[in-house]
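Colleague: I would like a close look at a single part of this model. Please take one chain and work through it piece by piece.

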Amino acid sequence: MAGLVALYMLFTENVGVRSVWTIIQTCLILGGIFFSTGLLGEQIAVQRAELRELRRRMDEGTSRPRSDARTSDARTSDARTVAGPLCDARISPARRGCGGRVRARARPRHAGRGVEVQVLAPSAPGLAATDTIEGVRVRRYRYAPRAWRRSRTPAPWQSR
Amino acid sequence: METLAYTGTMAEQVSESLRGKLALALMLWRGRSAVRALVKAWRPQLVHAHWWFPSG
């Protein structure tokens, strides 16, 4: 209404009311801020809802009775998870390159709950292509041609 | 050449030599292929991926 009155006065009486225009500018700015923050909040709410749904599904998949978990094997597990390289030689070199953090990050939450975990990690000289560390299968993929796989510098676990 | 991972010297190897850069490119590419192959063969419900990059 203020804008309409201001426009009417501007065009009919050739009078501009600064205070009215200031109010209009303020309203526009506030409107823009509220609109953008509302949009952002809605996006956040959607993401949180999706996260809740995923957690609910995970809980449903992992909260089966223990008897099911005990009898599940690689073919019958309720959920399967591919974990990225959960390893760092400096943290646990004794684990021979990969899998040292499996127990810390993946296994306790899922082991015995019908979830099968496999770890996929890059290979390194002296490491097998597949391994099983504390019951978790570790697959290591090669990333260099066979002729290049000789190491110039020993890995930490090789120098010990 | 497969010395990028687990040694803690990935950044140095990649920044100091062409061989390291090539190895990094190969590692990323082969990692992508390995993930795709495993996902196709094993059909996991969840893929949790992370890497302490570029420390190795």
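In what order do the elements of chain B run from the N terminus on?

Modeller: This is a predicted model. From the N terminus on, chain B runs α-α-β, with two helices and one strand. Chain B has 56 residues, of which 25% count as buried.

The second helix, H2 of chain B, covers residues 18–42, 25 residues in total. From its first C-alpha to its last, H2(B) reaches 35 Å, close to the 36 Å expected at 1.5 Å a residue. After H2(B) comes Arg43(B), with a positive phi near 55°.

The buried residues of H2(B) are Ala23(B), Met27(B) and Ala34(B). Part of their cover comes from the other chain: it includes strand E2 (115–122) and strand E4 (136–141) of chain A.

Two of these buried residues, Ala23(B) and Met27(B), also belong to the largest nonpolar core, which has 11 residues in all. Chain B further supplies Leu4(B), Ala5(B), Tyr6(B), Met10(B) and Val14(B) to this core, while Ala124(A), Leu127(A), Tyr143(A) and Ala144(A) come from chain A. The elements giving two or more residues to this core are helix H1 (10–16) and H2 of chain B. Another core, of eight residues, lies apart from it; Val117(A), Val119(A), Val136(A) and Val138(A) are among its members. In soluble globular proteins, nonpolar side chains tend to be buried together.

Note on methods
Residues are numbered from 1 along each chain as its sequence is written. Chains are lettered from A and ligands numbered from 1 in the order in which they are written. This is a predicted model: local features need pLDDT of at least 70, side-chain atom pairs count only at pLDDT 80 or more; totals for chains, interfaces and linings use all residues. Helices (H or I, at least four residues) and strands (E, at least two) are DSSP runs, numbered from the N terminus. A residue is buried if 20 or more other C-beta atoms lie within 10 Å of its own, exposed if 12 or fewer, and partly exposed in between; C-beta atoms are placed from the backbone. The expected span of a helix is 1.5 Å times one less than its number of residues. Two residues are in contact if their C-beta atoms, placed from the backbone, lie within 7 Å. A nonpolar core is a set of buried Ala, Val, Leu, Ile, Met, Phe, Trp, Tyr and Cys residues joined through C-beta atoms within 7 Å.
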